[in-house]
Amino acid sequence: MNFTLRIWRQKDAKSEGRFVTYGAKDVKEEMSLLEMLDVVNKGLIERGEEPVAFDFDCREGICGTCGVVINGRAHGPRAKTTACQLHMRSFRDGDTLTIEPWRAVAFPVVKDLIVDRSAFDRIIAAGGFISAPIGSAPDGNAIPIPKENADLAMDAASCIGCGACVAACPNASAMLFVGAKISQLALLPQGQPERWDRVRHMVAQMDAEGFGTCTNHGECEAACPKSLRVEFIARMNADFMRANLIAGRRAAGAEEGEAEGEGEGGGA
Amino acid sequence: MDLSSNIPSGPLEKKWEKHRSEMKLVNPANKRKYTIIMVGSGLAGAGGAASMAELGYNVKCFCYQDSPRRAHSIAAQGGINAAKNYRNDGDSVLRLFYDTIKGGDFRAREANVYRLAEVSVDIIDQCVAQGVPFAREYGGLLDNRSFGGAQVSRTFYARGQTGQQLLLGAYQALERQIGLGQVEMFTYHEMQELIVIDGRARGIVVRDMVTGELETHMADAVCLATGGYGNVFFLATNAKGCNTTAIWRAYKKGAAFANPCFTQIHPTCIPVTGPYQSKLTLMSESLRNDGRIWVPKEKGDKRPPGDIPEEERDYYLERMYPSFGNLAPRDISSRAAKRVCDEGRGVGPTGLGVYLDFHDAIARLGKKKIEEKYRNLFEMYERITDEDPYKVPMRIYPATHYTMGGLWVDYDLMSTIPGLFVLGEANFSDHGANRLGASALMQGLADGYFVIPDTIGNYLAREKFEQIPEDHPQVRAAQAAVAGRTQRLLGIQGRRTVTSFHRELGKIMWDHCGMARDKKGLEEGLAKIPGLREEFWNDVRVPGSGSELNQSLEVAGRVADFLELGELMCLDALERDESCGCHFRTEHQMPDGEARRNDKDFCHVAAWEYTGEGSKPIRHVEPLTYENVELAVRSYK
């Protein structure tokens, strides 16, 4: 197979970027997209040119490091597939592939196809956890969790933090990423004590990072390599509204116990 | 070289408790006066950084990835062992201990393994408290499955993504401490050198991979949790970035390297398809709970699997190991696969593959149940091979997966350099000559959550630390060494890419130090590697500069270290003139082809001491003494 590649080249965060056209010849259909780029880079190095910088690590679709927009689609044409698991048999011989980095204000380009996603880490640091210091845990079976809730929490937890949801969203919103973590922890009994503060802190950080707001396009769900559903955004919105009501009442001096009592016990 | 393991006295089941009650403590108000460096952010690294920060230590944590959540622990699929006995099937701490010692073919320390089994139960509790969504049954209680080398169900799991969920739990605990200011996180930073002052580890030199700047960080103790070195084989199940650089730099500064030749070849990986391939992908051992492994009985049988009738199939693991069947340990299953392929009965286009067949399980349990258990694995397989494993059996073949060897540590996880601690896969301590499935996650978290928080204090409380000036000669020397190496790599401007050297080294390692080894082959490997290394330093081409993001330069530094490590691995494999676990010397086998150990001469840990460029390292020995288990021939029949 042969391809024409239009690849975004940008020296660093401060420089202007542009598309550069390369040819990819004798590509095998069993190659992954990243293996095809490896071969292109080998040619560039041997010709004395600078190879294309792109992100990758596990190359089995779980670490969330890789991610590029291919012909306008985050992670390319195949549903539920990261760029590293996208094989060239998904394209037609002779195709032109336009390959560019995630585009979002909150994800500045580091170099070529690599973007800075540290905003995601800061959102987690703002509240995406359960405060359970090591050594203080009760027996794992002390609190039964309905299988349905555990399974749903697992669906939400399968997010790999790649950022495709942001790249696909016309508003560059991170609400699927944030909603997934909030939903996971809110579905579990262990997540209840910090539930209302968590959602407020994480949303505040998300806004501070410059991500946009969801207007129900659903592009994030279509692009997500782990099939996370927009349902998690709805869960986050519901929690966020209730959390603000609770915070408002607290501020007005209402009894804390009364306000806390409005929380859902077991989630869901 | 002092190789005292510092194992506490007293009965096996009381050692850890006794040691903990006798350790020196740092009082809570004084903990904030100490700074600890943690390199790596996987289960051991993130877990250790978070738990030490919770105690009040100042922690600086480093990772080469763009986020600590990317560490390769995330790719572990199948599960984590714990002696909870929730199944009421006869499990106990003692049984997990015994299975692990036996699984490692009696080449691990009793006391370490017992402690691992002991804290395994606390790990599950901790992870549940953090919100790890383990699989549950309809009654709401935790579910289990079975893994290789065990006859009980003690493996906890979160679909086929257990490593991901455990790592995210540790990552979230770490991010919490980052938010609180107790951990300072350095992403995109790769350790380049260890700083040793007055015989103690006091700091590291790192490269900021975005700007190229070299930075120096000083501390009162340094912890390495940098994972394994399986990428020495180029094709491995490891993430592409996994490397040996941190532990190799430490080795060259005086930390002993133990059992470097103990590498696990995992039996169930997707076979190699072509010469451009960049990595191999694991298919979890958990699949062997329901999948049956077979090859045709006849050599060269090219019929599609569905056309081969039942009586013409050889379910060789079930035939050879009836009591463990498809769940025989990894080293044994891998060798069996190699043997049937060497006989000409392998399947697929290359003949290097065996079937892993779910037909019977789907008939018994229904497709829905199989989907629920393994969906993500089946999808991954389909993406890579373009075949539907619900309809056609998977094709699998062994591939490098894990390294049991690593830096030598004592019972407190301290290396032969005082103040240098090594956690998780980066150390050698718990798995002997073969690691059982679902035990890597257990060890990473045991070291990070439950061992290092105690033992680090025991070290700090006994020592006095003076401030190190920034221009200390050892600091300057370490910085100069890194800068010099970088310039040298960039200055060669030869003809070959870094990756071409890496592939060539990988082939040498696979051919000469792989699943089966012998004296002649190892000597050939030892003859080839120095030549390749010389060619690398004369003919490699690293484009770009050192003052920018330069992925070729990153890889070049790692491959340079692999080119040295590979030689040590061959040397260790040559000197260990016995077969044990993963280390199969063809000269030493039973009539039925099983590994023949030599306990008289080799019941020990081999710990290698670096003696300088071009000089042969010295092999030291830590004898292994077994007071609680009987050295037996490992049988899974």
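**Figure 1. Long-range contacts in chain A.** Look at contacts in chain A between residues at least 6 apart in sequence: 71% of them join residues at least 24 apart. (Here, two residues are in contact if their C-beta atoms, placed from the backbone, lie within 7 Å.) This is a predicted model, where local features need pLDDT of at least 70 and side-chain atom pairs count only at pLDDT 80 or more, while totals for chains, interfaces and linings use all residues. Residues are numbered from 1 along each chain as its sequence is written, with chains lettered from A and ligands numbered from 1 in the order in which they are written. The model scores ipTM 0.96 and pTM 0.97. Chain B averages a pLDDT (the predictor's confidence in each residue, from 0 to 100) of 96, and 100% of its residues score at least 70.

**Figure 2. Chain A as a whole.** The C-alpha trace of chain A spans about 70 × 40 × 35 Å along its principal axes. You'll find nine helices and seven strands in chain A; these are DSSP runs numbered from the N terminus, helices being H or I with at least four residues and strands E with at least two. Of the 268 residues in chain A, 51% are buried, meaning that 20 or more other C-beta atoms, placed from the backbone, lie within 10 Å of a residue's own.

**Figure 3. The five-stranded sheet of chain A.** Follow the order S2-S1-S5-S3-S4 and you cross an open sheet in chain A with mixed pairing. (Two strands pair if DSSP finds at least two bridges between them.) At the edges stand S2 (17-24) and S4 (73-74) of chain A; each has a single partner strand, so one side of each is left without a neighbour in the sheet. Zoom in on S3 (residues 69-70) of chain A, which runs antiparallel to S4(A) and is joined to S4(A) by two bridges. Here Ile70(A) has Arg73(A) in S4(A) as its bridge partner.

**Figure 4. The four-stranded sheet of chain B.** In chain B, an open antiparallel sheet follows the order S16-S10-S18-S19. Its edges are S16 (406-407) and S19 (618-623) of chain B, and each pairs with a single strand, so one side of each has no neighbour in the sheet. S10 (residues 257-258) of chain B shares two bridges with S16(B), and Phe257(B) sits opposite Leu407(B) there. S10(B) also has two antiparallel bridges to S18(B), where Ala258(B) partners Ala607(B). Six bridges link S18(B) and S19(B), including the one between His604(B) and Pro623(B).

**Figure 5. A helix over the chain B sheet.** H16 (residues 551-575) of chain B lies across S10, S18 (604-609) and S19 of chain B, and runs at about 145 degrees to S18(B). (Axes are lines fitted to C-alpha atoms, for helices over the stretch in contact, and angles run from 0 to 180 degrees between N-to-C directions.)

**Figure 6. Where chains A and B meet.** Chain A gives 65 residues to the contact and chain B gives 65 residues. On the side of chain A, H1(A) supplies the largest share, seven residues. That side holds 31 nonpolar, 16 polar and 18 charged residues (Ala, Val, Leu, Ile, Met, Phe, Trp, Tyr, Cys and Pro count as nonpolar, Asp, Glu, Lys and Arg as charged, and the others, Gly among them, as polar).

**Figure 7. Two helices crossing between the chains.** H2(A) packs against H6 (residues 162-179) of chain B at about 85 degrees, with their axes 8 Å apart. H2(A) and H6(B) are therefore roughly perpendicular, a label for angles from 65 to 115 degrees (under 35 is roughly parallel, over 145 roughly antiparallel and the rest oblique). Asp121(A), Ile124(A) and Ala125(A) in H2(A) meet residues of H6(B), among them Gln172(B) and Arg176(B).

Methods:
Buried ≥ 20, exposed ≤ 12 C-beta atoms within 10 Å, placed from the backbone.
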